[in-house]
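Colleague: I would like to go through this model with you, beginning with single residues and then turning to the chain as a whole. Could you show it to me before we begin?

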Amino acid sequence: VLNLPEWNGLSIRGAFLHDQRDGDVKNVAPRRAYVYPDPYGTFKSPKSLDGRNSEGYFLAARYTGIENLTVTYKFDFNSARESVLIQGMGLPPNLTGAIEASLVQRQAGTSLLSFDKLDKVAVDGAAFYARAGGHSLTMDYKLSDSVTLKSISAYRRTRTRGISDLDGSDFRPNPAIENTYYCLSCALAYMKQKQFSQEFQGIVESKWVDLIGGLYYFYEEADYRAPLVSTSSYFAAGSLTGKTLSGVLPNPLSVTDIRSGTFDRTNHTSYAVYGHANFHLTDRLDVALGGRITDDNKKNEHYFAAANAYAPLKYNKRKGSYDASANFELTDDVKLYARYAKGYLSGGYLGGTLYEPENTRSIEGGVKSEWFNRRLLVNANLFKVHTKDLQVGGFSGVTGVFLTNIGTFDSKGFE
């Protein structure tokens, strides 16, 4: 961490983090580099599995050299490489499992099938790479002692890619063709995402009431590709010739190379308006009310490779949320509070599957107290949460990763 001294209203702070964990499962497969066509890229077989190597950077700058104006800029970036541990308890009891079992038996590598954690395996496809970074700019301008205007801008990009060896064997030479290798069953993954948001706020502080209101805009683009590469794929010297997938969504793998898999493109635009008021009714009693209305517009292009099926999907919905709360100072050291809120998680499409908004209502109340000149803090509360159309994630060989709604969920308790 580096903190520079302030100079003419400018303050700068930076940080760097390196996180490394060596894998504890030895990979006995030959060390090779496998070159896939863009956007999947090159994957190198790791020395060991279940390891991680990442680096993170952070930079923040604040400028207060102009009267009544504060400008804050932040930047962060993270790059990570992981060698994923792949192990199973058995093969599926179907035709795919029978084919993979016969192919695994012909391989010289070790098996990945065990109920106990293995200390060595033979795989080439066990890598995951991720890069993510973003910028934010916040500007605060005080119109007066009680009125402040604020602008918050943010932009972020993420890119990930990975490969998983699904059959439990390494890439081995094909006896019929010299110096060629093939993937018995592999899953590739690629995701590129970018997001932009802009928020404007107006803040008013007074003796009787504190107000905040704002406008919010959000835009997102995402491209996700997850093909399952079949045994028909031959890798000449570790390289696959790129072609174009027949269908609407382009993909640099030929149809014969893909056993299954999904391809998705998403555009998401969201608008919101919100407000919150905190009323100081007495010196010891505050009552607050807040609300928000959000309009979501999502477009999703979903392609299922096995059936050569394309589906353009749209999701548009406007919903509101609100909360109400009260705080009462029983004494200078004991405060009582209560809050009721209604909120939701947005719906949409994932993996070609529709998921509806998850709606939540919650109520809680409690006490916050200090004793013996702040030597002892005692806080307690009761809460109850009711969730309707609970969203849960899953994975299917047909749709890939998806979200769905499973019903209601209730929780209550004491802290």
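Colleague: Which residue's backbone oxygen does the side chain of S83 reach?

Modeller: This is a predicted model, so what follows is computed from predicted coordinates. S83 lies in strand 8, which covers residues 69–83, and, leaving aside its neighbours within four places in sequence, it is in contact with P46, S48, L49, D50, G51 and A126. Within that list, the partner whose backbone oxygen the side chain of S83 reaches, at 3.0 Å, is S48.

Colleague: Does S83 count as buried or exposed?

Modeller: The cut-off for a buried residue is a relative accessible area under 20%. Because the relative accessibility of S83 is 11%, this residue counts as buried.

Colleague: Which elements give two or more residues to the largest nonpolar core?

Modeller: The largest nonpolar core has 11 residues, among them A127, Y129, L188 and Y190. The elements that contribute two or more residues to this core are strand 10 (126–142) and strand 13 (186–205).

Colleague: Which residues does a second, separate core include?

Modeller: Two contacts of S83, namely L49 and A126, have already come up. The second core is separate and has 6 residues, including V121, V123, L49 and A126.

Colleague: How far apart in space are Y224 and G351, C-alpha to C-alpha?

Modeller: Y224 sits in strand 14 (residues 209–229) and, with residues up to four places away in sequence not counted, touches Y190, M191, T262, F263 and D264. Its relative accessibility is 30%, and therefore Y224 counts as partly exposed. Although 127 residues separate Y224 from G351 in sequence, their C-alpha to C-alpha distance is 9.8 Å.

Colleague: What share of the contacts with a separation of 6 or more comes from residues 24 or more positions apart?

Modeller: The chain has 415 residues, of which 37% are buried, and its secondary structure comes to 1 helix and 26 strands. Among the contacts in the chain with a separation of 6 or more, the share from residues 24 or more positions apart is 67%.

Colleague: What is the area of the nonpolar surface patch that includes L2?

Modeller: In soluble globular proteins, nonpolar side chains tend to be buried together. L2, which is found in strand 1 (residues 2–3), counts as exposed because its relative accessibility is 51%. Together with L4, I12 and L59, L2 makes a nonpolar surface patch of about 320 Å².

Key: Residues numbered from 1 in each chain as written. Predicted model: local features only at pLDDT ≥ 70, side-chain atom pairs only at ≥ 80, totals over all residues. Heavy atoms only, no water. Patch = residues over 30% accessible without salt bridge, like charges linked within 9 Å, V, L, I, M, F, W, Y side chains within 5 Å. Areas by Shrake-Rupley, 256 points an atom, 1.4 Å probe, with all protein chains shown as cover. Salt bridge = Lys/Arg side-chain N within 4 Å of Asp/Glu carboxyl O. Helix = DSSP H or I, 4+ residues; strand = E, 2+ residues; numbered from the N terminus. Buried < 20%, exposed > 50% of the residue type's maximum accessible area, 1.4 Å probe, protein only. Contact = heavy atoms within 4.5 Å. Core = buried A, V, L, I, M, F, W, Y, C linked by side-chain atoms within 4.5 Å. Polar contact = N/O pair within 3.5 Å; in protein donor to acceptor, adjacent residues only side chain to side chain.
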